[in-house]
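Reader: I have a model open and a few things I'd like to go through with you. Could you walk me through it?

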Amino acid sequence: MPDPIVIVGAGQAGVALAAKLRALGYADRLILIGDETVPPYQRPPLSKKYVSGELDVERLLIRPRDWYAEQNVELRLDQRVTSIAPAAHELTLSDGARLRYGKLALTTGARPRNLPAEIGGALPGVVTIRGLADADAIMPLLKPGMRLVVVGGGYIGLEAAAVTASKGMQVTVIEAAERILQRVAAAETSAFFRDLHQRHGVTIREATGLDRLVDRDGRVAAVTLRDGTSLSADLVIVGIGVLPNDQLARDAGLLVENGITVDAQGRSSDPDIFSAGDCANFPWQGQRTRLESVQNAIEQAEHAAAAMLGGTEHYNPVPWFWSDQYDVKLQIAGLNRGYDQVVTRPGKRPGSQSVWYYRQGALIAVDAMNDALAYAFGKKALESGKSIAPEKATDPAVDLKTAIEYNLALATSRKA
Ligand code: FAD
């Protein structure tokens with residue numbers, strides 16, 4: 001019997017990798033290890049329909065509970081891998097047990113950045129949302145009328161603000177940068193969501209530094225800002241980004257830099273160790289890239305699975321992402337990294353809009369707010385290495401379907 005393929009991290013990427021190995025005909029022993037107690041589940045609803053009480057746990061599961069036995073995947077939950085010895089092809093589990101592997105995949109995801117404990121970041125009542133346990137702990141605390149401060153105006157923070165404001169809480173979002181979504185979107189998209197939240201009664205405070213979290217009776221009671229303002233807070237949700245879970249790989253001597261360094265097939269600096277998902281840093285369009293999305297977790301894991309079985313195809317995605325806030329569905333196609341031009345296009349539905357990003361004249365991404373057509377045609381153009389000229393994208397009289405055209409610059413940069 002050969003040593004098994006072992007996957008460390010039973011999340012979106014881990015399950016996709018296991019499923020792809022089986023789909024490609026890998027029939028030997030396959031072990032999926034995760035340190036959470038529930039079978040692998042989808043995280044996006046945690047800050048959307050799950051935390052608002054509209055979905056139960058079973059609906060979050062990536063695969064039904066009996067799928068693992070059916071596929072002969074040994075799912076080991078509530079177990080943490082504490083070290084890897086690449087030369088011995090062996091890993092150690094939190095209970096001290098050792099396990100040999102033939103090939104190993106690290107799909108360990110990411111963890112939220114926390115506010116420093118020195119400024120009150122560890123006080124009870126200061127929470128982050130990464131896992132089911134976090135959402136389950138937050139839900140009973142949410143009461144109409146309570147005062148909630150969200151630190152960080154990124155997608156997770158804004159989704160949490162939308163859910164809680166819709167439940168009648170008094171919500172303030174504090175953003176240290178000049179504008180919400182600054183790291184991930186153009187000013188036009190920020191303005192759309194600022195306006196949306198303000199219409200729902202959320203206070204948005206941009207370019208606002210946090211000073212500290214104030215303790216009363218051993219629990220957070222207020223937030224003070226650098227300009228001296230104090231905001232009462234019954235609960236503080238922190239959404240200031242994530243850090244890749246790459247320590248295990250670093251300790252094992254693998255190359256790590258902002259995530260586990262892998263090649264275009266998901267192979268790490270050790271030829272028998274692969275990685276995919278939030279924890280992996282891969283080459284794409286000439287730059288080192290780490291994406292935090294369901295699309296990336298699944299597709300990168302599938303490429304890694306194929307490579308583990310000898311496949312040679314490179315991972316060259318058209319990234320996509322979504323966010324739900326109130327009645328707005330944001331769909332993003334592409335990645336706007338390095339954009340130098342932005343145009344907007346009104347959608348057909350009232351209030352719908354899309355924001356188109358260009359680099360050197362070539363379309364690189366679209367943010368579509370309640371505009372499925374803009375998303376679909378933007379994605380289609382990107383997938384086929386084509387573009388939609390900015391003057392056409394911005395003109396609502398132009399049919400996007402007929403506006404997709406070949407763009408040499410885009411085709412060249414996507415091949416890089
Ligand atoms: P994960 O799903 O985090 O899985 C990694 C697993 O490995 C975890 O269970 C972790 O506990 C486990 N693990 C780590 N170390 C060890 C160890 N040493 N031993 C054993 N187990 C270990 N993406 C979108 O595309 N759209 C969205 O709208 C969206 N919304 C989101 C909302 C929230 C609240 C969150 C938290 C994320 C959201 N994302 C969204 C991001 C998306 O969920 C992640 O990109 C995706 O889950 C990444 O999958 P992964 O498998 O890499 O990591």
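Author: Sure, we'll go through the ligand first, then the aromatic rings, then a few single residues. Keep in mind that this is a predicted model.

Reader: How many residues surround the ligand, and which are the closest?

Author: The shell is made up of 32 residues. By class, eight of them are charged, eleven polar and 13 nonpolar. The closest are Asp35, Glu36, Lys48, Arg130 and Asp278.

Reader: Which domains does the shell around the ligand draw on?

Author: Among the elements that each supply at least two shell residues are helix H1 (12-23) and helix H8 (294-308). Strand E22 (320-325) does so too. In terms of domains, at least three shell residues come from each of domain 1 (5-111 + 242-308) and domain 2 (114-238).

Reader: What distance separates a side-chain N or O atom of Asp278 from an oxygen atom of the ligand?

Author: Let's start with the backbone. Gln12 has a backbone N or O atom 3.2 Å from a ligand oxygen, and Val81 has one 3.0 Å from a ligand nitrogen. For the side chain of Asp278, the distance to a ligand oxygen is 2.7 Å.

Reader: And how much of the ligand's accessible area does the protein cover?

Author: On its own, the ligand has 1,000 Å² of accessible area. The share of that covered by the protein is 96%.

Reader: On to the rings. How do Tyr155 and Phe321 pair: stacked, edge-to-face or tilted?

Author: There are seven aromatic pairs in the structure. In the pair of Tyr155 and Phe321, the ring centres are 5.5 Å apart and the planes meet at 40°. Stacked needs under 30 degrees and edge-to-face over 60, so with its 40° this pair is tilted.

Reader: Which elements does that pair link?

Author: The two rings sit in distant parts of the chain, 166 residues apart. Tyr155 belongs to helix H5 (residues 155-166), and Phe321 to strand E22.

Reader: Is Phe321 buried, partly exposed or exposed?

Author: Its partner Tyr155 has a relative accessible area of 9%, so Tyr155 falls under the 20% limit and is buried. Phe321 has 26%. Exposed would take over 50%, so Phe321 counts as partly exposed.

Reader: What about Phe192 and Phe193: how are their rings arranged?

Author: Both residues are buried. Their ring centres lie 5.2 Å apart, with the planes at 70°. The cut-off for this class is over 60 degrees, so the pair is edge-to-face.

Reader: Which residues do ring pairs link into a cluster?

Author: Two members are Tyr155 and Phe321, the tilted pair from above. With the others added, the cluster is Tyr155, Trp320, Phe321 and Trp322.

Reader: Now some single residues. How far is Leu93 from Val81 in space?

Author: Leu93 is in strand E5 (residues 90-93) and is buried, at 3% relative accessible area. Along the chain, Leu93 and Val81 are twelve residues apart. Their C-alpha atoms are separated by 4.4 Å.

Reader: And how far apart are Gly266 and Met308, C-alpha to C-alpha?

Author: Gly266 is in the loop between strand E18 (260-261) and strand E19 (273-275), and is buried at 2%. In sequence, Gly266 and Met308 are 42 residues apart. In space, the distance is 8.9 Å.

Reader: Last one: what is the phi of Asp217?

Author: Asp217 is in the loop between strand E13 (210-216) and strand E14 (219-225). Asp217 is exposed, with a relative accessible area of 78%. Although Asp217 is not a glycine, its phi is positive, at about 55°.

Conventions
Residues numbered from 1 in each chain as written. Predicted model: local features only at pLDDT ≥ 70, side-chain atom pairs only at ≥ 80, totals over all residues. Heavy atoms only, no water. Near = heavy atom within 4 Å. Polar contact = N/O pair within 3.5 Å; in protein donor to acceptor, adjacent residues only side chain to side chain. Areas by Shrake-Rupley, 256 points an atom, 1.4 Å probe, with all protein chains shown as cover. Helix = DSSP H or I, 4+ residues; strand = E, 2+ residues; numbered from the N terminus. Nonpolar A, V, L, I, M, F, W, Y, C, P; charged D, E, K, R; others polar. Domains from an automatic or database assignment. Phe/Tyr/Trp six-rings, centres within 6.5 Å; stacked < 30°, edge-to-face > 60°. Buried < 20%, exposed > 50% of the residue type's maximum accessible area, 1.4 Å probe, protein only.
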